[in-house]
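Subject: the structure I mentioned

Hi,

Here is the structure for you to open in your viewer. My notes on what turned up follow below.

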Amino acid sequence: MYENKYQPLAPTHIFFGRIFRNVLMATLILAVCLLIGILGYHYIADINWIDSIHNASMILSGMGPVAEIKNVSGKLFSSAYALFSGVAFITNIGFILAPAAHRLFHSIHVDLDERDN
């Protein structure tokens with residue numbers, strides 16, 4: 001998928017393709033995470049659909065809860081979803097930044113190899 005230390009730096013069109021693929025993967029992961037939150041808030045916490053979307057979006061983005069949750073199962077779901085969302089958000093940042101970080105480190109390594117020769 002990525003070049004090894006003996007290969008030259010990939011052309012920019014391949015690099016941008018990797019970024020696009022990773023952003024697409026991160027978007028799909030966020031969509032699934034949002035769907036989990038929407039369904040959980042609606043069915044477990046007994047919140048209406050629009051408030052479920054709003055609450056799940058706010059939790060997933062790190063802003064915090066909006067709707068008041070009244071039942072115990074809803075509060076337990078909300079706690080678990082908040083922890084899950086934090087991990088999912090940080091993981092997605094890693095997906096998005098991975099091609100850029102790899103290109104940076106690979107370009108440094110290629111430069112060092114060129115200086116050694």
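A residue is called exposed here when its relative accessible area is over 50%, and buried when that area is under 20%. With that cut-off, Asp46 at 60% relative accessibility counts as exposed. Please keep in mind that the model is predicted.

Asp46 is worth a click for its backbone too. The residue sits in the loop between α1 and α2, and its phi is near 55°, a positive value in a residue other than glycine. As background, most residues other than glycine have a negative phi. There is a positive phi at a glycine as well: Gly62, just after α2, takes about 90°.

Now the overall layout. The chain holds three helices and zero strands, so in sequence order the pattern reads α-α-α. It has 117 residues, and 28% of them count as buried. If you take the contacts with a separation of 6 or more, 61% are between residues 24 or more positions apart.

Helix by helix:

- α1 has 32 residues and reaches 46 Å from its first C-alpha to its last, close to the 46 Å expected at 1.5 Å a residue. Its buried residues include Phe15, Arg18, Asn22 and Ala26, and further along Cys33, Gly37, Ile38, Gly40, Tyr41 and His42.
- α2 has 12 residues, which should span 16 Å at 1.5 Å a residue, and its end C-alpha atoms are indeed 16 Å apart. Buried in this helix are Ser52, Asn55, Ala56, Ile59 and Leu60. Looking down the axis of α2, those buried residues fall within an arc of 125°, so they line one face of the helix. The general background is that an α-helix has 3.6 residues a turn, so residues three or four places apart point the same way.
- α3 covers residues 72–116, and I come back to it through Ser78 and Tyr81 below.

What makes up the largest nonpolar core? It has 12 residues in all: Cys33, Ile38, Tyr41, Ala45, Ile47, Ala56, Ile59, Leu60, Ile69, Phe77, Tyr81 and Ala88. The elements that each give two or more residues to this core are α1, α2 and α3.

Tyr81 is a good place to start if you want to walk through that core. Leaving out residues up to four places away in sequence, Tyr81 touches Cys33, Leu34, Ile36, Gly37, Tyr41, Ala56, Ile59 and Leu60.

On to the rings. The count of aromatic pairs comes to six. In one of them, the rings of Tyr41 and Tyr81 have their centres 5.8 Å apart and their planes at 85°, so the pair is edge-to-face. Tyr41 lies in helix α1 and Tyr81 in helix α3, so this pair ties together parts that are 40 residues apart in sequence. Both Tyr41 and Tyr81 are buried. Tyr43 and Trp49 form an edge-to-face pair too, with 5.7 Å centre to centre and 90° between the planes. Here Tyr43 is exposed, with a relative accessible area of 55%, while Trp49 is partly exposed, at 39%.

Ring pairs also link Tyr41, Phe77, Tyr81 and Phe84 into a cluster. For a charge over a ring, go to Phe15: Arg103 lies over its face, at 4.7 Å from the ring centre.

Two more spots to look at:

- Is Ser78 buried or exposed? At 12% relative accessibility, Ser78 counts as buried. Ser78 lies in helix α3 and touches Tyr41 and Ile69, again not counting residues up to four places away in sequence. From Ser78 to Ile59 the distance is 8.8 Å, C-alpha to C-alpha, with their positions 19 residues apart in sequence.
- Pro8 is found in the segment before α1 and counts as exposed, at 62% relative accessibility. Pro8 and His106 are 98 residues apart in sequence, and their C-alpha atoms are 8.5 Å apart in space.

That is the tour.

Cheers

Notes: Residues numbered from 1 in each chain as written. Predicted model: local features only at pLDDT ≥ 70, side-chain atom pairs only at ≥ 80, totals over all residues. Heavy atoms only, no water. Core = buried A, V, L, I, M, F, W, Y, C linked by side-chain atoms within 4.5 Å. Buried < 20%, exposed > 50% of the residue type's maximum accessible area, 1.4 Å probe, protein only. Helix = DSSP H or I, 4+ residues; strand = E, 2+ residues; numbered from the N terminus. Contact = heavy atoms within 4.5 Å. Phe/Tyr/Trp six-rings, centres within 6.5 Å; stacked < 30°, edge-to-face > 60°. Lys NZ or Arg CZ within 6 Å of the ring centre and 35° of its normal. Expected span 1.5 Å × (residues − 1). Arc of directions from axis to C-beta.
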